[in-house]
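User: Please take a close look at the aromatic rings in this model. Tell me what they pair with and where they sit, then work outwards to their surroundings.

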Amino acid sequence: MDNVYSCFFSDMGFLNVAISLIIGISTLIMIRIFYVIYWSSKPRYSKPPGPLTTLIVLGSGGHTAEMLNLLAVMQMDRFKPRYYIAAATDDMSLQKARVLEDSLIKKAEVEVVGTSHFLQIYRSREVGQSYVTSVGTTLIALTHALWLMIKIRPQVILCNGPGTCIPLCVIAFFFKVLGIRWSSIFYVESIARVRRLSLSGLLLYKLRMVDQLFVQWPQLKSKYPRANYVGRLM
Amino acid sequence: MGGSDDSVKSKRIVFVTVGTTCFDSLVRAVDTQEVREALFKKGYTDLVIQMGRGSYIPTKSTGEDGSLSVDYFTFSSSIAEYLKSASLVISHAGSGSIFETLRLKKPVIVVVNEDLMDNHQSELAEELAERNHLFCARPQTLYQTISGMDLGSLVAYQPGDATPVANFINRFLGFNDE
């Protein structure tokens, strides 16, 4: 064996290479993450893009009502195909979304037939579920979310509150970092949140995983300067 | 519910709703002698309670003895009709219920459920009360709120508008509008 090579591949040398690789790759990833966070907050396209694949995350009760209120004033030919996702235990939300889509077909101004899809996702945790079993169900939910995100690869994500959106948004963020798909993530905080953000909103805001966060009350705008105050939606 | 137009006209119905929740403390408070009497003194004739998942059963009354007529049920496929025929609504603090009632321009007392773990609901009720769109109370203070309320002080809630958000999103994504 050549002396040069036996020195190079000695334990110390190999360790150095490994460490350098890890530091190098970590640095690249960190740079990429900062790049993603920086450009996420900037307007996405400089000229009008074609129709964008859109993921709409629905939550129980009031959340869905607010989301449908927003969708009713958005141009559907710009946001298609539309994928509606609701928690598996939430029966009402997808039903209401179907009603909205049916009313769009009736309006018949645009080609909307066949551009909407309705999916269910496993919940990370049910209300009142023990935290021990929650670990397992959260892992299942994450895997399911990953599967759905790989299939859908949305360019736009609309969500407004329930925990259902967190796994999807986190995965979307990593897709951005890895260059798999760049999603513009919009989060509309619920009208019921006047002085404090919800846990979902707070997480996405602090971790800078949301492109634009919208709040409906001025108190939240003062508390969270990067949020956009848009008045009441309801 | 129902009855001829004449009898509905002379009725002043108080509709209590807890949505899909369990809110026994509200139903209990409404079912007390003092609250019933306070409502009757204010000129209401009927009390209808939608008790949802609650376990406390209120006492029915026909009101023939010159007091408030009381009835209850658990759920309804559409409480919109009950809201429409009510002269006063007493509601739990769910945002959907609050805005459905405000949209119908009904005077409403929103009661916050203090037994709920994460009570962010009170923020919305308190803010709207501060803006004089409704009255806010807790089950224990319901009687005082009813006796002291002045419906004339209420200001109509102007419905919100989702267009600013839609416009923002469109601009952000590069869609041009005019």
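Analyst: **Rings, charges and the chain contact**

In this predicted model, the charged end of B:Lys60 sits over the ring of B:Tyr72, 5.1 Å from the ring centre. Chain A offers another case: A:Arg232 lies over the face of A:Trp217, at 4.5 Å from the centre of the ring.

Now ring against ring. Over all chains, the search of the whole structure finds 13 aromatic pairs. One of them joins A:Tyr38 and A:Trp39, with centres 5.2 Å apart and planes at 85°. That angle is over 60 degrees, so the pair counts as edge-to-face. A:Tyr38 has 47% relative accessibility and therefore counts as partly exposed. A:Trp39 is partly exposed too, at 41%.

A:Phe173 and A:Phe174 also form an edge-to-face pair, 5.9 Å centre to centre with 80° between the planes. How accessible is A:Phe173, buried or exposed? A:Phe173 is buried, at a relative accessible area of 4%. A:Phe174, by contrast, is partly exposed at 42%.

The rings also gather across chains. A:Phe186, A:Phe214, B:Phe168 and B:Phe172 make up one aromatic cluster. Take the chain B members first. B:Phe168 and B:Phe172 are among the buried residues of α8(B). The others there are B:Val165, B:Ala166, B:Ile169 and B:Asn170. An α-helix has 3.6 residues a turn, so residues three or four places apart point the same way. Just after α8(B), B:Gly174 takes a positive phi of about 90°.

Next, the contact that the cluster spans. In total, 41 residues of chain A are in contact with 28 residues of chain B. About 3000 Å² is buried between chain A and chain B, and carbon and sulfur atoms give 64% of that area. On the chain A side, A:Arg78, A:Arg195 and A:Met234 lose the most area to chain B. Together they account for 19% of what that side buries.

There is polar content as well. Eleven residue pairs are in polar contact between chain A and chain B, both residues being at pLDDT 80 or more. The salt bridges between these chains number two. In one salt bridge, the side chains of A:Arg195 and B:Glu126 meet at 2.5 Å, N to O. Which elements of chain A supply at least two residues each to the side that touches chain B? They are α3 (62-71), β4 (156-159), β5 (184-188), β6 (212-215) and α8 (218-223).

Two backbone details of chain A follow. The peptide bond from A:Lys80 to A:Pro81 is cis, with omega near -5°. A:Pro81 is found in the loop between α3 and β2 (82-87). A:Arg153 has a positive phi of about 40°, although it is not a glycine. A:Arg153 is placed in the loop between α5 (131-152) and β4, and is partly exposed, with a relative accessible area of 34%.

Chain A as a whole has eight helices and seven strands. Its C-alpha atoms fill a box of roughly 80 × 45 × 35 Å along the principal axes. Of its 234 residues, 46% count as buried. Among chain A contacts between residues at least 6 apart in sequence, 70% join residues at least 24 apart.

Back to chain B, and the loops. The loop between α6 (121-130) and β6 (135-137) holds B:His133. B:His133 is at 12% relative accessibility and therefore counts as buried. Leaving aside neighbours within four places in sequence, B:His133 is in contact with B:Leu102, B:Leu128, B:Leu154, B:Val155, B:Ala156 and B:Tyr157. B:Asn132 is in the loop between α6 and β6 as well. B:Asn132 has a positive phi of about 60° although it is not a glycine, and at 38% relative accessibility it counts as partly exposed.

The loop between α7 (142-148) and α8 (163-172) of chain B contains B:Asp150. B:Asp150 is partly exposed, at 46%. Its side chain reaches the backbone nitrogen of B:Gly152 at 3.0 Å. The C-alpha atoms of B:Asp150 and B:Asp71 are separated by 25 Å, with their positions 79 residues apart along the chain.

Conventions:
Residues numbered from 1 in each chain as written. Chains lettered and ligands numbered in written order. Heavy atoms only, no water. Phe/Tyr/Trp six-rings, centres within 6.5 Å; stacked < 30°, edge-to-face > 60°. Buried < 20%, exposed > 50% of the residue type's maximum accessible area, 1.4 Å probe, protein only. Lys NZ or Arg CZ within 6 Å of the ring centre and 35° of its normal. Contact = heavy atoms within 4.5 Å. Buried area = accessible area lost by both parts, 1.4 Å probe. Salt bridge = Lys/Arg side-chain N within 4 Å of Asp/Glu carboxyl O. Polar contact = N/O pair within 3.5 Å; in protein donor to acceptor, adjacent residues only side chain to side chain. Helix = DSSP H or I, 4+ residues; strand = E, 2+ residues; numbered from the N terminus.
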